[in-house]
Amino acid sequence: MEVIILPTSDAVATLAADLVEAQVHAKPHAVLGVATGSSPVAVYDQLGRRLDTGLSFARTQIFTLDEYVGLNPEHPERYLNVIQRDLVAKIDVDPDAVHGPDGLAVDLRQACADYEGRITGAGGIDLQILGIGTDGHVAFNEPGSSLGSRTRVKTLTQQTRHDNARYFGGDVGAVPLHCLTQGMATIMDARSIVLIGSGATKATAVEQLVEGPISARWPATLLQLHPAVTVVIDAPAASRLQLTSYYQHTYDNKPNWQQPLARVDS
Ligand code: F6R
């Protein structure tokens, strides 16, 4: 796990966008996994602006992490609509290449199995962008999630519903109780992962993610077992870490050859 601590959330967004850009340059037909929520919005803004400098998502495929159960197709907080607004509208990806689990399916279990099949059918995720919840969830794998889970229905914690009420006019009761989410094992199948986090509210979750024991209590800790995770965080999010000077020293002395992404001929 590489831990990169930057002074500001803007710097976090720039570096995360650099990593996505490197992935797409290395493999123009890359399969990208994308988070919704506030953390990646500045990353997506930057990626949109980079189309002027030759970056193209025309051959990429995009998979979201999760979806609320039961929000109607027009609901602005339905994650397929959120990703459309926050990312798809800003880049040149083919709208038919944007996928999410179907939170309106009559058979939700089947919808979850279908989603796993769509990811596998696309060749698997090359680069997964993750945020992290204040309770340590990634995607919507709440505390207690099986570390071997695949895409399935989950019940959101009250903490997550409170955190997300800001998108529902401050009304916690309007935040759905249930969601479909990629499982921890689904996320671990991604070839590389970039997790971003900003602000002091994420400090405890980041502390556990990076330095805590691996445990379903803090599902993000499973990422410690992934061979290619880059954690990009700002100073407030890093404020509870113990080994910050070592992470900084490692980043400052990163050898040129140690690039995370190898070029793949298209
Ligand atoms: C959303 C998702 C969640 C968020 C997390 C943090 O697709 O996967 O895990 O990344 O809830 O949300 P923000 O970024 O809004 O703090």
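## A walk through the fold, starting at A139

With a relative accessibility of 8%, A139 counts as buried (that is, under 20% relative accessible area; exposed is over 50% and partly exposed lies in between, with a 1.4 Å probe and protein chains only). You'll find A139 in the loop between β6 (127–130) and β7 (152–155). Helices here are DSSP runs of H or I with at least four residues, strands are runs of E with at least two, and both are numbered from the N terminus. The phi angle of A139 is worth a look too: it sits near 50°, a positive value in a residue other than glycine. Most residues other than glycine have a negative phi.

Before going on, a word on what you're looking at. This is a predicted model, in which local features need pLDDT of at least 70 and side-chain atom pairs count only at pLDDT 80 or more, while totals for chains, interfaces and linings use all residues. Residues are numbered from 1 along each chain as its sequence is written, and side-chain values use heavy atoms, with hydrogens and water left out.

Now zoom out. The protein chain has eight helices and 10 strands. Its radius of gyration is 17 Å, close to the 18 Å that the globule rule gives for 266 residues, so the chain is as compact as a globular protein of that length. For the record, that radius is taken over C-alpha atoms, and the rule is 2.2 Å times the number of residues to the power 0.38. Laid along its principal axes, the C-alpha trace spans about 55 × 40 × 35 Å. Of the 266 residues, 53% are buried.

What about contacts, meaning heavy atoms within 4.5 Å? Among those in the protein chain with a separation of 6 or more, 79% are between residues 24 or more positions apart. On the outside, the chain exposes about 11,500 Å², with carbon and sulfur atoms supplying 52% of it; these areas come from the Shrake-Rupley method with a 1.4 Å probe, and for residues only the protein chains shown count as cover.

Back to the A139 neighbourhood, by way of Q182. This residue is in the loop between β8 (178–181) and α6 (184–188), and it is buried, with a relative accessible area of 1%. Leaving aside neighbours within four places in sequence, Q182 is in contact with A139, along with T64, L65, Y115, I119, Q128, N141, R150, T151, R152 and I187. With T64 there is also a polar link: a polar atom of the Q182 side chain lies 3.2 Å from the backbone oxygen of T64. A polar contact here is a pair of N or O atoms within 3.5 Å; within protein, one must be able to donate a hydrogen and the other to accept it, and residues adjacent in sequence count only if both atoms are side-chain atoms.

Step along into helix α6 and you meet T186, which counts as buried at 6% relative accessibility. Its side chain reaches the backbone nitrogen of T151 at 3.5 Å. Not counting residues up to four places away in sequence, T186 touches E116, I119, S149, R150 and T151. The C-alpha atoms of T186 and T120 are separated by 9.8 Å, with the two residues 66 apart along the chain.

Next, go to helix α2, the place of L47. L47 is buried, with a relative accessible area of 2%, and beyond its neighbours within four places in sequence it is in contact with A17, V20, E21, L55, F57 and I91. Just off that helix, L51 lies in the loop between α2 (41–49) and β3 (61–64). L51 is partly exposed, at 25% relative accessible area. With residues up to four places away left out, L51 touches F57, K90, I91 and D92. From L51 to H178, 127 residues apart along the chain, the C-alpha separation is 36 Å.

Finish at helix α7 (residues 203–211), which is mostly covered, with seven of its nine residues buried. Those are A203, A205, V206, E207, Q208, L209 and V210. What covers them includes β1 (2–6), β9 (192–197), β10 (229–234) and α8 (244–252). E207 is a charged member of that set: it is buried, with a relative accessible area of 18%, and it touches G212, R240 and L241, not counting residues up to four places away in sequence.

Notes: Contact means heavy atoms within 4.5 Å.
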